[in-house]
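The following exercises are to be worked with the sequence and the coordinates at hand. Each task is followed by a solution in steps.

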Amino acid sequence: MFNILVVDDEPLICKGLAGLLSASGLDIGQVYTAGSGHEALDIVRMEEVDLLVTDIQMGEMNGIELMHQAKIIKPWVQTIIISAHETFQYAQSAIRLGAKDYLLKPLNSEQFLDSVGSVLLKMDKRIPQVNELLTATQEDFRMEEPEPRKNELLNRLLSEEAGHESRDLETGGEYGELGLKGPYFAVMKMRLDLSPGSAPYTDRDRRLLRYASLNIVKELLDQEWDALLFYSPDDDIHAIIQWSEAANVETGENKLSQLEMAGRSVYHHIRKYLKLECTVAISQILKGIPFLSVLGRQADKAMLWSRHYPDYHVFYYGDFNWHNYAEDPSAEELSTQSNRIVESTRRYIEENYNQKGLTIHEVAKKNHVSPNYLSYLFKKITGHNLWEYVIKLRMEESRHLLQNTDLRRYEIAERVGYESPEHFSKIFKKYFGVSPSEMKK
């Protein structure tokens with residue numbers, strides 16, 4: 001069963017859509033509602049949400065920003081946007097971020113449920129499981145491997161030897177049919193855990209699982225990106241992701257966040273459907289085909305960090321200060337750097353936890369790392385989930401204010417960073433087990 005979050009700053013619309021979904025007969029477990037983007041983010045953080053249905057124009061955080069923040073937290077959450085405005089720019093932004101539909105108000109009940117049902121059906125689309133792949137006959141499973149010559153040329157472009165050949169791509173020749181347009185590029189590298197110790201796989205098993213993984217990655221990336229997928233000489237899966245000058249201007253700095261979200265989604269889906277562990281490494285973004293070899297080296301370098309963090313799975317090259325080290329850092333150097341990032345994060349949160357609209361993305365930006373990596377480090381070193389630490393500080397301060405001042409509920413909510421007294425009360429009761437008024441008594 002799927003859980004759905006409905007977000008709209010008009011309570012009657014939230015209530016109406018929630019009632020419609022609950023009585024629809026669709027495979028729905030829980031329907032949550034939120035009256036603002038910040039309230040919705042807390043629900044995404046604390047609950048298992050599969051589908052987000054959100055209005056596009058709401059107070060401080062609009063639906064596009066909510067969608068982006070929700071996908072940073074859980075990249076696999078699907079989204080349907082609803083809007084009172086038929087604005088191309090909004091629709092374009094929503095679709096680019098992966099929205100599955102863009103519906104106009106006033107909503108037609110049948111159209112709305114058809115849209116939700118269609119999204120849930122695709123989320124439940126069955127992908128062959130490991131045992132089915134391994135027992136498939138040649139007739140059951142027709143393999144269409146990437147063309148060997150194309151594989152060879154793409155791998156050559158990522159190698160240091162490509163050099164002058166890559167500069168001549170625009171002139172055609174054997175490289176001209178690869179489909180590389182750019183001018184912006186990034187490289188994503190995926191390594192499956194197919195070691196002998198993980199399972200008794202034969203060579204054929206490994207080939208089938210690599211093929212299935214490549215197709216899962218292709219399906220995920222094709223939703224939002226123009227990507228070329230191929231095998232590396234050591235049987236990793238490579239993706240060269242490209243986009244145009246116009247696309248780069250439209251999304252700006254969000255591109256890196258989207259790449260990391262794509263990497264986390266790849267990891268999640270391979271683990272979910274093929275029951276395989278995998279590691280994903282992501283390069284920075286550079287302009288120009290001649291820099292593909294640089295991006296290839298960056299992805300290789302990012303992959304090396306999996307040796308230091310075996311319980312982490314998506315590595316972005318820009319998260320690590322490579323320029324500080326002539327060679328791989330020692331465990332002591334790595335620990336010092338990680339502790340410094342976490343301590344800086346802790347100080348920033350303690351100084352700003354009562355700021356309305358505070359997000360993990362903002363905290364990560366202050367520390368020049370990705371939200372995912374920062375969340376991992378914070379939990380690993382402190383034992384606390386990063387956002388749970390924010391809530392802990394807010395709740396402890398609100399309890400102190402309740403017990404030691406005559407401030408009203410809405411005033412306390414305001415002081416600890418909540419724009420809605422109702423949302424504040426929900427979080428307070430979930431945290432302490434009693435409402436603010438009950439604790440006051």
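In which helix does Lys 392 lie? The model under study is a predicted one.

**Exercise 1. Place Lys 392 and describe its surroundings.**

Step 1. Lys 392 belongs to helix H16.

Step 2. The relative accessible area of Lys 392 is 25%. Buried residues fall under 20% and exposed ones over 50%, so Lys 392 is partly exposed.

Step 3. Tyr 353 is 39 residues away from Lys 392 in sequence, and the two C-alpha atoms are 9.5 Å apart in space.

**Exercise 2. Test the length of H16 against the expected rise, then examine its start and its buried residues.**

Step 1. The helix has 19 residues, and at 1.5 Å a residue these should span 27 Å. The expected span is 1.5 Å times one less than the number of residues.

Step 2. The end C-alpha atoms of H16 are 28 Å apart, which agrees with the expectation.

Step 3. At the start of H16, a side-chain oxygen of Asn 385 comes to within 2.9 Å of the backbone nitrogen of Trp 387.

Step 4. The buried residues of H16 include Leu 386, Val 390, Leu 393, Arg 394 and Leu 401. An α-helix has 3.6 residues a turn, so residues three or four places apart point the same way.

**Exercise 3. Apply the same test to H15, and characterise Asn 372.**

Step 1. Helix H15 covers residues 371-382, and its 12 residues should span 16 Å at 1.5 Å a residue. Its end C-alpha atoms are 16 Å apart, in agreement.

Step 2. Is Asn 372, a residue of H15, buried or exposed? Its relative accessibility is 15%, so Asn 372 counts as buried. Other buried residues of H15 include Tyr 373, Leu 374, Leu 377 and Phe 378.

Step 3. The side chain of Asn 372 makes a polar contact of 3.4 Å with the side chain of Arg 264. A polar contact of 3.4 Å also joins the side chains of Asn 372 and Tyr 312.

Step 4. Gly 383 follows H15 and has a positive phi, near 85°.

**Exercise 4. Describe the largest pocket and the largest cavity.**

Step 1. Rolling a probe the size of a water molecule over the atoms shows where empty space is left. The largest pocket has a volume of about 1100 Å³. It is lined by 30 residues, of which Ile 73, Arg 264, Asn 372, Ser 375 and Asn 385 are the closest to its centre.

Step 2. At least two lining residues of this pocket come from each of H2 (37-46), H3 (63-73), H11 (254-274), H15, H16 and H18 (421-432). By class, the pocket lining holds 15 nonpolar, 5 polar and 10 charged residues.

Step 3. How much space lies in the largest cavity? The volume is about 120 Å³. Of its 14 lining residues, His 38, Gly 357, Arg 394, Gly 417 and Tyr 418 are the closest to the centre.

Step 4. H2 and H16 are the elements that give two or more residues to the lining of the largest cavity. H2 gives the most, with 4 residues. The cavity lining comprises 4 nonpolar, 5 polar and 5 charged residues.

**Exercise 5. Determine how strand S9 is enclosed and how it is paired.**

Step 1. Strand S9 covers residues 278-282, and 5 of its 5 residues are buried, so the strand is largely enclosed by the rest of the structure.

Step 2. In a regular strand the side chains alternate between the two faces of the sheet. On one side of S9 lie Cys 278, Val 280 and Ile 282, on the other Thr 279 and Ala 281, and both faces are covered.

Step 3. S9 pairs with strand S6 (residues 184-192) in the antiparallel sense over 5 bridges, and Val 280 stands opposite Met 190.

Step 4. S9 and strand S11 (residues 314-316) run parallel and are joined by 3 bridges. Here the bridge partner of Ala 281 is Phe 315.

**Exercise 6. Analyse the hairpin formed by S7 and S8.**

Step 1. Of the 6 residues of S7 (residues 226-231), 5 are buried, so S7 is largely enclosed by the rest of the structure.

Step 2. S7 pairs with S8 (residues 237-243) in the antiparallel sense over 6 bridges. Leu 229 has Ala 239 of S8 as its bridge partner.

Step 3. The hairpin has 5 residues between the strands, and in it Asp 235 adopts a positive phi near 70°.

Notes: Residues numbered from 1 in each chain as written. Predicted model: local features only at pLDDT ≥ 70, side-chain atom pairs only at ≥ 80, totals over all residues. Heavy atoms only, no water. Buried < 20%, exposed > 50% of the residue type's maximum accessible area, 1.4 Å probe, protein only. 1 Å grid on protein atoms, 1.4 Å probe; cavity = no way out; pocket = protein on both sides within 12 Å on 5 of 7 lines; lining within 4 Å. Points joined across faces, edges and corners; volume = space filled by probe spheres on them. Nonpolar A, V, L, I, M, F, W, Y, C, P; charged D, E, K, R; others polar. Polar contact = N/O pair within 3.5 Å; in protein donor to acceptor, adjacent residues only side chain to side chain. Pairing = 2+ DSSP bridges.
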